[in-house]
Amino acid sequence: MSELDFEATFAAELDVVPDEHRDDERFVPAAGPLDAEIAFVGEAPGATEVAEGEPFVGRAGSRLDGLLETVGIDRETVYVTNLVKVRPPENRDPTADERRVWKPLLDAELTKVDPAVVVTLGAVASGAVLDTDEAVGDLRDETYEVDGRLVLPTYHPAATFYDDGIEPMLERDLRVAKDIADGE
C-alpha cells in the first residue's frame, strides 16, 4: 500500500474549507488505501491523533484495532477518517458549523474510495452521514443507502470504556461490515 497523500488528493476540497476552520497544528488527514472495501468515519481527531498525525491511534483507536483483529479485518486494508479533520478545542464535540464546512470533504473522500460499506462510529459521524439526529442505538442493526453506498452506523469505540454492553454490539457490527466487504 502506498502512502496516501491526502492533501494532494483532496486539495480542491481542502481549499474551500474556510480559514477559521483550518489549523495545520491540529489537522489530521485520513489514512488507508483509496481502494478500501471498508471506510470508517469518526467525528474528529483527539490529542493522540493530532500528535501522531493519523486518525484512531489513541485509546479508542487501540480498542478499534483489537476489535478489527477479533473479527478478521486488517487495519491496513481499511480507510479511516473523521468528519471534522481539525481537533476541536478541549475535545468538545464538533459544532454544527464545523460539521457543515467539513462534510463536503468527507463526501469527496467517500466518492473517491467508493467502499462497499461505510461504518460510521458514533452519533456525530452517523448523524452527519445519514443526515439525522437519531441516537446510534436506534440506528444500528441495519444498513442505510446513501448516495449509492451502504452505511452501517455503530457506536464509537470510546463508548466501550463507559458501558461494557457496547463492545459485543460493536463487534457484531464490525462482523456485518466484514461480511458486506467480503460480498456475503
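Strands are DSSP runs of E spanning at least two residues, numbered from the N terminus. In the predicted model described here, Thr154 belongs to one such run, strand β5. Thr154 has a relative accessibility of 0% and therefore counts as buried. Beyond its neighbours within four places in sequence, Thr154 contacts Val119, Thr120, Leu121, Gly122, Ser126, Val136, Arg140, Leu170 and Asp173. The burial extends to the strand as a whole: five of the six residues of β5 are buried, so the strand is largely enclosed by the rest of the structure.

Strand β5 has two pairing partners of opposite sense. With β3 the pairing is parallel and comprises five bridges, and Val119 lies opposite Leu152 of β5. With β4 (residues 144-146) the pairing is antiparallel and comprises three bridges; here Glu145 is placed opposite Leu150 of β5. Two residues separate β4 from β5 in a hairpin, and Asp147 in the turn adopts a positive phi of about 50°.

A further parallel pairing, of four bridges, joins β1 and β2. Within this pairing Val41 stands opposite Thr81 of β2. Strand β2 (residues 79-82) is covered on both faces, with Tyr79 and Thr81 buried on one side and Val80 and Asn82 buried on the other.

Helices α8 and α4 were examined next. Helix α8 (residues 166-181) contains 16 residues, for which a rise of 1.5 Å a residue predicts a span of 22 Å; the separation of 23 Å between its end C-alpha atoms agrees with this expectation. The buried residues of α8 are Ile166, Leu170, Asp173, Leu174, Ala177, Ile180 and Ala181. Because these residues cover an arc of only 115° around the axis, they lie on the same side of α8. Such an arrangement can be read from the helical repeat: an α-helix has 3.6 residues a turn, so residues three or four places apart point the same way. The elements against which the buried residues of α8 pack are β1 (38-42), α4 (59-71), β3 (117-121) and β5 (149-154). For β5, the contacts of Thr154 with Leu170 and Asp173 are instances at the residue level. Just after α8, Gly183 has a positive phi of about 80°.

In helix α4, 13 residues should span 18 Å at 1.5 Å a residue, and the end C-alpha atoms, 19 Å apart, agree with that value. Ala60, Gly61, Leu64, Leu67, Leu68 and Val71 are the buried residues of α4. Viewed down the axis, these residues fall within an arc of 125°, so they line one face of the helix. The face turned away from this buried side bears the exposed residues Arg59 and Glu69. Cover for the buried residues of α4 is provided by elements including β1, β3 and α8. The charged end of Arg59 is positioned over the ring of Phe161, at 3.8 Å from the ring centre. Gly72 follows α4 and has a positive phi, near 85°.

Aromatic contacts were also analysed. Rings were taken as paired when their centres lie within 6.5 Å, and by this rule the model contains four aromatic pairs. Phe6 and Phe27 form a tilted pair, with 6.2 Å between centres and 50° between planes. This pair connects distant parts of the chain, since Phe6 lies in helix α1 (residues 6-9) and Phe27, 21 residues apart from it, lies in the loop between α2 and β1. Phe6 and Phe27 are both buried. The rings of Phe27 and Trp102 have centres 6.4 Å apart and planes at 35°, so this pair is likewise tilted. It too links distant parts of the chain, with Trp102 placed in helix α5 (residues 96-113), 75 residues from Phe27. The relative accessibility of Phe27 is 10%, and that of a buried residue is under 20%, so Phe27 counts as buried. Trp102 is also buried, with a relative accessible area of 1%. Ring pairs unite Phe6, Phe10, Phe27 and Trp102 in a cluster.

Leu14, in helix α2 (residues 11-15), contacts three members of this cluster: Phe6, Phe27 and Trp102 are among its partners, together with Glu7, Arg22 and Leu105, when residues up to four places away in sequence are not counted. Leu14 has a relative accessibility of 3% and thus counts as buried.

Conventions. Residues numbered from 1 in each chain as written. Predicted model: local features only at pLDDT ≥ 70, side-chain atom pairs only at ≥ 80, totals over all residues. Heavy atoms only, no water. Buried < 20%, exposed > 50% of the residue type's maximum accessible area, 1.4 Å probe, protein only. Contact = heavy atoms within 4.5 Å. Expected span 1.5 Å × (residues − 1). Arc of directions from axis to C-beta. Phe/Tyr/Trp six-rings, centres within 6.5 Å; stacked < 30°, edge-to-face > 60°. Lys NZ or Arg CZ within 6 Å of the ring centre and 35° of its normal. Pairing = 2+ DSSP bridges.
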